[in-house]
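Got the viewer open? Let's take a short walk through this one, selecting a piece at a time.

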Amino acid sequence: MTLIIQLFLTFFKIGFIGFGGGLAILPLVYQGISAFSPITQEEFANLVGISQATPGPIAVNAATYVGFLTAGIPGSLASTIGVAIPSFILVSLTVKFIDKYKESRLVQGGFLGIRPAAMGMIASAFIFVGESAAFPGGIGAGSFDLAACLMAAATFALAAKTKLGPIPIILIMGACGTALTVLETL
Amino acid sequence: MTDRTDRDITEKDYNNAASLSRLFYEFFKMGLFTIGGGMAMVPVLQDIMERNRWMSTEETLDCIAVCQSLPGVVAINMATFVGFRKRGVLGAACTTVGILLPSLIIIIIVAMFMGRIDQNLYVQGALSGIRAAAAGLIGWATWRMGRQVLHGKGWFAWTLAVISFIVVGVVGINAVWVILGGIVLGIIYNSIITARKAGDGE
């Protein structure tokens, strides 16, 4: 039982202090968990690999995985709920605040600046995600993936010219990627 | 003039009611079919908001910015934001459970029966396709949302967007600072134009 509570508290804390989510949170997971349950380098490598290769947010996957390794299904529930509660509280309060003061000049002014800034942020996410797709091993490693670039271009074309939503397109490209591997291994 | 009426229609259109089951379903699907979370979810989020007429592009951008600058997992932040905005605490519970559930189920199954699926060659192939799709979709979202939000908005919005892109994308500064900077500049800009309008009125 103490293990379950420790898991919950560890991930609750990570949910409160972890900015940005994703890979940025994984070192916090390692530190937090080693405090009460030994985790080997290999287990951590598994955690990093599996969290990124399965659907869903990386941080949530990591929480569920560590919780399961440490204390089975109750453990995975405790850590997943733990990591989500801070978001739940902080975001609910923020939305409540925004909706209450949305007519105020301060909030309206803030949004006047927030929207273009967010637009620039999304554009830069295109650079980061595009880079990880085109250079799977990192830019310096010299592993340029032409097929990935073509699939990204095809994705853009499908999104722009057809009525397909993002999820069907993701599934199509996942199938294309698998098909390419099958062709390569023939 | 026509610009204003168009805008009024859109704002009204994007205020559709959301049922709790629909909120759960959309975010469950988002958790199930996106890999990586965070920014990879932006195109899917924008699609959900537009298809259901839940939020305008402006509101969706507000949501993304706020969720990126608060602590916690960005994807959970987004789910809670939309759920709470549409249906209060109950709505937030539905969207948040919706986005967590696929991870819980899939990770437990993988940990129990599959081991290192990320080292499987075919999974790696699928992932490279999905990463490419994420890049293409974010590119498309940038183009589409940018056109809606920046078009005809004048020098302030454009300059801010370009600076934010350079600071985050090229220099590599944490996006939180850009969002906070945007808020401050927006407040200053807003008080200047309001003061100027008041001056013109006299």
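Start with chain B and colour it by secondary structure: you should find eight helices and one strand. Follow the chain along its sequence and the order reads α-α-β-α-α-α-α-α-α. Keep in mind that you're looking at a predicted model.

Now hide the side chains of chain B and leave just the C-alpha atoms. Along the principal axes, they fill a box of roughly 75 × 40 × 30 Å.

Next, switch on a surface for chain B. About 9,300 Å² is exposed, and 64% of that comes from carbon and sulfur atoms. As for what's tucked away, 52% of the 202 residues in chain B count as buried.

While chain B is still selected, colour the charges. There are 17 positive and 14 negative ones, and their mean positions lie 6 Å apart.

Time to go inside. Select Phe11(A), Leu45(B), Phe81(B) and Val82(B): these have the most contacts within the largest nonpolar core, a set of 98 residues. Which helix gives the most to this core? Select residues 58–100 of chain A, and you have it: helix α4, with 14 residues in the core.

Zoom in on Val82(B) and show its neighbours. Leaving out residues up to four places away in sequence, Val82(B) touches Leu23(B), Phe27(B), Leu45(B), Met49(B), Trp54(B), Met55(B) and Cys63(B). Leu45(B) should look familiar from the core selection.

Last stop: zoom out and draw the contacts in chain B between residues at least 6 apart in sequence. Of these, 66% join residues at least 24 apart.

Terms used
Residues are numbered from 1 along each chain as its sequence is written. Chains are lettered from A and ligands numbered from 1 in the order in which they are written. This is a predicted model: local features need pLDDT of at least 70, side-chain atom pairs count only at pLDDT 80 or more; totals for chains, interfaces and linings use all residues. Side-chain values use heavy atoms; hydrogens and water are left out. A nonpolar core is a set of buried Ala, Val, Leu, Ile, Met, Phe, Trp, Tyr and Cys residues joined through side-chain atoms within 4.5 Å. Buried means under 20% relative accessible area, exposed over 50%, partly exposed in between (1.4 Å probe, protein chains only). Helices (H or I, at least four residues) and strands (E, at least two) are DSSP runs, numbered from the N terminus. Contact means heavy atoms within 4.5 Å. Accessible areas come from the Shrake-Rupley method with a 1.4 Å probe; for residues, only the protein chains shown count as cover. Lys and Arg count as positive and Asp and Glu as negative; His and the chain ends are not counted. The place of a charge is taken as NZ of Lys, CZ of Arg, CG of Asp or CD of Glu.
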